[in-house]
Amino acid sequence: MQITLSSYKLTAAKLYRNPVFSDEEFEQDLALIKRVAGKIEKFSETGRFSTRLVFNNFIIACNCFGVEFVAKSLFLLSHPNNHDLVMTFLNTVWGIESHVVVNPNLKIKFDPTRINKSFQKIILKDLEL
């Protein structure tokens, strides 16, 4: 599955796993992905991270749309300078250790040396993993 900013919402609608839903519920669930991406972006600016809140939003989004879509969306919605933080988050909470192809123009290579150890330490400490 390849997604772009122009196909993001349509792809999400096709994958949505809520048999009885309203447009409002769909929009709220889709906003969870943007919230996770936004909190990761905010960490790069402030150094503060609401791990449990972000983790809960991530899990709910994955339950609604699937891990693959959510992971790709996080890269799509994040600034390229923060892709290492996104990969760190995904590696830490989900164990992702593979390349991610969002679309032909956005291919993220997993490189364990680029994992942000301080961010990972915060996540692990807050989640007590």
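**Group meeting: the core around F65, I33 and helix α4**

Let me start with one residue: if we set aside its neighbours within four places in sequence, F65 is in contact with A12, L15, Y16, R17, F26, D29, L30, I33 and V70. Please keep in mind throughout that what we have on screen is a predicted model.

One of those partners, I33, deserves its own moment. I33 lies in helix α2, and with a relative accessibility of 0% it counts as buried. Again not counting residues up to four places away in sequence, I33 touches Y8, A61, F65, F69, V70, S73, L74 and L77. For those who like a distance to check against the coordinates, the C-alpha atoms of I33 and T46 are separated by 20 Å, and the two residues are 13 apart along the chain.

Both residues belong to a wider set. The largest nonpolar core has 41 residues, and the ones with the most contacts inside it are I33, F58, F65, L74, F89 and L90. Each of α1, α2, α3, α4, α5, β1, β2 and α6, the last running over 117-127, supplies at least two residues of this core, while the largest share, eight residues, comes from α2. As general background, nonpolar side chains in soluble globular proteins tend to be buried together.

Now to helix α3, where F65 is one of the buried residues, alongside T51, V54, N57, F58, A61, C62 and C64. These buried residues cover an arc of only 160 degrees around the axis, which puts them on the same side of α3. They pack against α1, α2, α4, α5 and α6. As for the geometry of the helix, at 1.5 Å a residue the 15 residues of α3 should span 21 Å, and the end C-alpha atoms are indeed 21 Å apart, so the two values agree. Just after α3 comes G66, which takes a positive phi of about 95 degrees.

Two cysteines sit in that list, so you may ask: how far is the sulfur of C64 from the closest cysteine sulfur? The separation is 9.4 Å, to the sulfur of C62, and that is too far for a bond, given that a disulfide would need the two sulfur atoms within 2.5 Å. A search of the whole structure finds zero disulfides. Both cysteines are nevertheless buried, C62 with a relative accessible area of 5% and C64 with 12%.

Next, helix α4, residues 67-77. Why can we call α4 largely enclosed by the rest of the structure? The reason is that eight of its eleven residues are buried, namely F69, V70, A71, K72, S73, L74, F75 and L76. I would draw your attention to K72 and S73 as members of that buried list. The partners against which the buried residues of α4 pack are α1 (8-15), α2 (23-46), α3 (51-65), α5 (83-94), β1 and β2.

That brings me, finally, to the two strands. Strand β1, residues 100-103, and strand β2, residues 106-108, pair in the antiparallel sense over three bridges, and a hairpin of two residues joins β1 to β2. Within this pairing, V101 stands opposite K107 in β2. Both strands also return us to the earlier picture, since β1 and β2 are among the elements that supply at least two residues each to the core.

Notes. Residues numbered from 1 in each chain as written. Predicted model: local features only at pLDDT ≥ 70, side-chain atom pairs only at ≥ 80, totals over all residues. Heavy atoms only, no water. Pairing = 2+ DSSP bridges. Helix = DSSP H or I, 4+ residues; strand = E, 2+ residues; numbered from the N terminus. Buried < 20%, exposed > 50% of the residue type's maximum accessible area, 1.4 Å probe, protein only. Contact = heavy atoms within 4.5 Å. Core = buried A, V, L, I, M, F, W, Y, C linked by side-chain atoms within 4.5 Å. Expected span 1.5 Å × (residues − 1). Arc of directions from axis to C-beta.
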